[in-house]
Amino acid sequence: MKNLVKKNLLKLKPSATLQINEKSKYLIEQGKKVFRFGFGQSPFPIPDDIVSTLKKFSDRKEYLPMQGLPELRKAISEYLTKRTKIKYAPDNIIITPGSKEAMLLMHVVFNGEIILPAPSWVSYEPQAIIGKNKVHWIQTSRENNWFPSGKDIERVAKKIGNKNKILILNSPNNPSGTTCNNFDEISKIAKKYKILILSDEIYTDMTFDKSYSSISKFYPEATFISGGLSKWCGAGGWRLGFLPYQKIYLNL
Ligand SMILES: Cc1ncc(COP(=O)(O)O)c(C=O)c1O
């Protein structure tokens with residue numbers, strides 16, 4: 001049989017984080033000292049509350065509503081509205097098994113081109129390839145706090161022309177660790193060129209600085225926010241107390 005795999009998928013490369021892991025393992029075996037910045041595995045145990053709740057519901061087998069549990073969507077809506085001061089109605093919230101899956105589905109559904117700051121989380125580009133969405137990279141720099149400037153975005157937007165566009169913005173950022181301080185400038189250009197924003201806020205509850213900022217405050221009409229529990233729980237955030245919408249999961 002020929003051409004069993006779709007042509008666009010042949011462009012996928014092995015995961016960079018897994019490659020770093022394998023290389024580190026090899027170097028450590030050679031006796032080299034290595035500071036690993038590859039794949040992150042939480043050193044913390046699963047919180048007792050989560051283990052007991054999972055046990056409690058392990059006999060439940062019904063399919064859930066497609067968009068997610070209504071109580072959970074309502075709790076997330078209230079939490080986001082309080083944080084962003086913008087109304088994110090429960091109907092506009094979708095629950096998925098991990099935000100990675102939500103983003104992949106977005107790429108599958110979206111018909112247009114993707115603007116990605118470099119460096120970025122390693123999965124954004126492969127997901128765009130799977131969804132057959134062309135990627136336009138914007139190189140960022142230390143001087144710009146590792147985020148794209150309005151001018152950078154404008155240049156790429158002009159190049160893409162009148163096709164649909166999504167800019168993926170990840171603040172606090174993986175890998176740089178910085179938070180974006182030019183939302184205002186970015187949102188003005190995004191409005192001008194009708195660019196949708198995917199605001200990946202998965203690290204938002206993990207900053208030392210307690211203030212919350214998001215591009216959704218500047219450009220709510222065209223911003224999707226994605227978030228999740230994995231990073232916060234994985235870094236031991238639950239030790240400081242669960243967040244309101246997390247209590248819904250746990251029935252606390
Ligand atoms: C920036 C960023 N976004 C999203 C994810 C995916 O998170 P999850 O699928 O666990 O919600 C990760 C995981 O490494 C990440 O680093």
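Two strands count as paired if DSSP finds at least two bridges between them; strands (E, at least two residues) and helices (H or I, at least four) are DSSP runs numbered from the N terminus. The model is predicted, with local features requiring pLDDT of at least 70 and side-chain atom pairs pLDDT 80 or more, while totals for chains, interfaces and linings use all residues. Residues are numbered from 1 along each chain as its sequence is written, and side-chain values use heavy atoms, without hydrogens and water.

**Figure 1. The open sheet of five strands.** The strand order is S2-S1-S3-S4-S5, and the pairing is parallel. The edges are occupied by strand S2 (135–139) and strand S5 (223–226); each has a single partner strand, so one side of each has no neighbour in the sheet. From one strand to the next, the twist averages 25°, where angles run from 0 to 180 degrees between N-to-C directions and axes are lines fitted to C-alpha atoms, for helices over the stretch in contact.

**Figure 2. Strand S3 and its pairing with S1 and S4.** S3 covers residues 165–170 and pairs in the parallel sense with strand S1 (residues 113–118) over three bridges. Within this view, Glu-113 is opposite Lys-165 of S3. The pairing of S3 with S4 is also parallel and spans six bridges, with Leu-169 standing opposite Ser-199 in S4. Six of the six residues of S3 are buried (under 20% relative accessible area, 1.4 Å probe, protein chains only), so the strand is largely enclosed by the rest of the structure. Both of its faces are covered: one carries Lys-165, Leu-167 and Leu-169, the other Ile-166, Ile-168 and Asn-170, all of them buried.

**Figure 3. Helices H4 and H6 on the sheet.** H6 lies across S1, S2, S3 and S4, and runs at about 155° to S2. The sheet twist averages 25° between one strand and the next. Helix H4 (residues 99–109) packs on this sheet and touches S1, S3, strand S4 (195–200) and S5, contact meaning heavy atoms within 4.5 Å. The direction of H4 makes about 165° with that of S4.

**Figure 4. The crossing of helices H6 and H7.** The axes of H6 (residues 150–160) and H7 (residues 183–192) come within 8 Å of each other and cross at roughly 20°. The two helices are therefore roughly parallel, the label used for angles under 35 degrees. H6 passes H7 in a right-handed crossing, that is, the near helix is turned clockwise from the far one by less than a right angle. On the H6 side the contact involves Gly-150, Lys-151, Ile-153 and Glu-154, and on the H7 side Glu-185, Ile-186, Ile-189 and Lys-192. Sorted by class, the contact has three nonpolar, one polar and four charged residues; Ile counts as nonpolar, Glu and Lys as charged, and Gly as polar.

**Figure 5. Two cis peptide bonds, each ahead of a proline.** Ala-118 and Pro-119 are joined by a cis peptide bond with omega of about 0°. Pro-119 sits in the loop between S1 and helix H5 (124–130). A cis peptide bond also joins Asn-174 to Pro-175, here with omega of about 20°. Pro-175 belongs to the loop between S3 and H7.

**Figure 6. Positive phi at Trp-146 and Lys-194.** Trp-146, in the loop between S2 and H6, is a residue other than glycine with a positive phi, near 65°. Its relative accessibility is 30%, so Trp-146 counts as partly exposed; this class lies between buried and exposed, the latter being over 50%. Lys-194, in the loop between H7 and S4, likewise has a positive phi, of about 50°, although it is not a glycine. At 69% relative accessibility, Lys-194 counts as exposed.

**Figure 7. Surroundings of Ser-24 and Leu-9.** Ser-24 is part of helix H1 and is buried, with a relative accessible area of 5%. Leaving aside residues up to four places away in sequence, Ser-24 touches Val-34 and Arg-36. Leu-9 is located in the segment before helix H1 (16–29) and, with 30% relative accessibility, counts as partly exposed. The C-alpha atoms of Leu-9 and Gly-161 are 26 Å from each other, and the two residues are 152 residues apart along the chain.

Note on methods
Parallel < 35°, antiparallel > 145°, perpendicular 65-115°, else oblique.
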